[in-house]
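Here is a set of short exercises to work through with the structure in view. Try each task yourself before you read its solution.

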Amino acid sequence: MVNSADNSSPSIDLRCDHCGRPHGQMLRCLPDGRWLSPDNGWIDANGDQASWPDVVDYARLRHSRAVVGLYRQSAAARMAAEVSHRLCRRCHLVTGREEHRRVARLRALTRFALGDLFDGTYAV
Ligand SMILES: [Zn+2]
């Protein structure tokens, strides 16, 4: 359940557009993305009702504060329309995985190119 004493939630009700986690709430979360809603039971990573975890899954439970932020969509989706989503940190990382990999690859190639420019070619 939600720890109301540790709750610093804002007055407005911000929720993740993908999984429905409420902003600022301390939640019980499982590694597979399930989280315990204060009123609806367990919710899966897509925001649907989920089954209760067994003892083995529940042993891996952790407490996490949901932080919902405003993120833009990937570059391909941005070309079509400038749309922003309210996502929690987990959903931001999961839904933007391909974009993050693309940016990380470009940064690594940029570093190699700068090294080639000033120090000679790399022997990879
Ligand atoms: Zn989410």
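The pLDDT is the predictor's confidence in each residue, on a scale from 0 to 100. You will need it at once, since this is a predicted model.

**Exercise 1. Find out how confident the predictor is along the chain.**

Step 1: Begin with the average, which is a pLDDT of 83 for the chain.
Step 2: Next, look at the share of residues that score at least 70; it is 80%.
Step 3: Now turn to residues 1-10, where the pLDDT is below 50. Beyond near neighbours in sequence, this stretch has 19 contacts in the model.

**Exercise 2. List the helices and strands in order from the N terminus.**

Step 1: Count the elements: the chain has 4 helices and 6 strands.
Step 2: Write them down in order, and you get β-β-β-α-β-β-α-β-α-α.
Step 3: Ask how the chain folds back on itself. Among contacts between residues at least 6 apart in sequence, 43% join residues at least 24 apart.

**Exercise 3. Decide whether Cys88 is buried or exposed, and find its partners.**

Step 1: Locate Cys88 in strand 6, which covers residues 84-88.
Step 2: Count its C-beta neighbours inside 10 Å. There are 27, so Cys88 counts as buried; the cut-off is 20 or more.
Step 3: Leave aside neighbours within four places in sequence, and the contacts of Cys88 are Cys16, Cys19, Arg21, Ala66, Val67 and Val68.
Step 4: Compare sequence with space: Pro22 is 66 residues from Cys88 in sequence, yet their C-alpha atoms are 8.7 Å apart.

**Exercise 4. Name the residues of the largest nonpolar core.**

Step 1: Recall a general tendency: in soluble globular proteins, nonpolar side chains tend to be buried together.
Step 2: Here the largest such core has 9 residues, namely Cys16, Cys19, Leu27, Trp35, Ala66, Val68, Leu87, Cys88 and Cys91.
Step 3: Follow one member, Cys19. Apart from neighbours within four places in sequence, Cys19 is in contact with Ile43, Ala45, Asn46, Gly47, Cys88 and Cys91.

**Exercise 5. Describe the surroundings of Gly47 and Arg90.**

Step 1: Place Gly47 in the loop between strand 3 (41-43) and helix 1 (55-58).
Step 2: Gly47 has 18 other C-beta atoms within 10 Å, so Gly47 is partly exposed.
Step 3: Not counting residues up to four places away in sequence, Gly47 touches His18, Cys19 and Gly20. Arg34 lies 13 residues away in sequence and 8.8 Å away in space, C-alpha to C-alpha.
Step 4: Place Arg90 in helix 3, residues 89-95. Arg90 is also partly exposed, because 19 other C-beta atoms lie within 10 Å.
Step 5: Check Arg90 against Ala45: 45 residues separate them along the chain, and 9.2 Å separates their C-alpha atoms.

**Exercise 6. Work out how far helix 4 reaches and how many of its residues are buried.**

Step 1: Helix 4 spans residues 97-119 and has 23 residues.
Step 2: From first C-alpha to last, helix 4 reaches 32 Å, close to the 33 Å expected at 1.5 Å a residue.
Step 3: The count of buried residues in helix 4 is 0, so this helix is hardly covered.
Step 4: Just after helix 4 comes Gly120, with a positive phi of about 95°.

How values were computed: Residues numbered from 1 in each chain as written. Helix = DSSP H or I, 4+ residues; strand = E, 2+ residues; numbered from the N terminus. Buried ≥ 20, exposed ≤ 12 C-beta atoms within 10 Å, placed from the backbone. Contact = placed C-beta atoms within 7 Å. Expected span 1.5 Å × (residues − 1). Core = buried A, V, L, I, M, F, W, Y, C linked by C-beta atoms within 7 Å.
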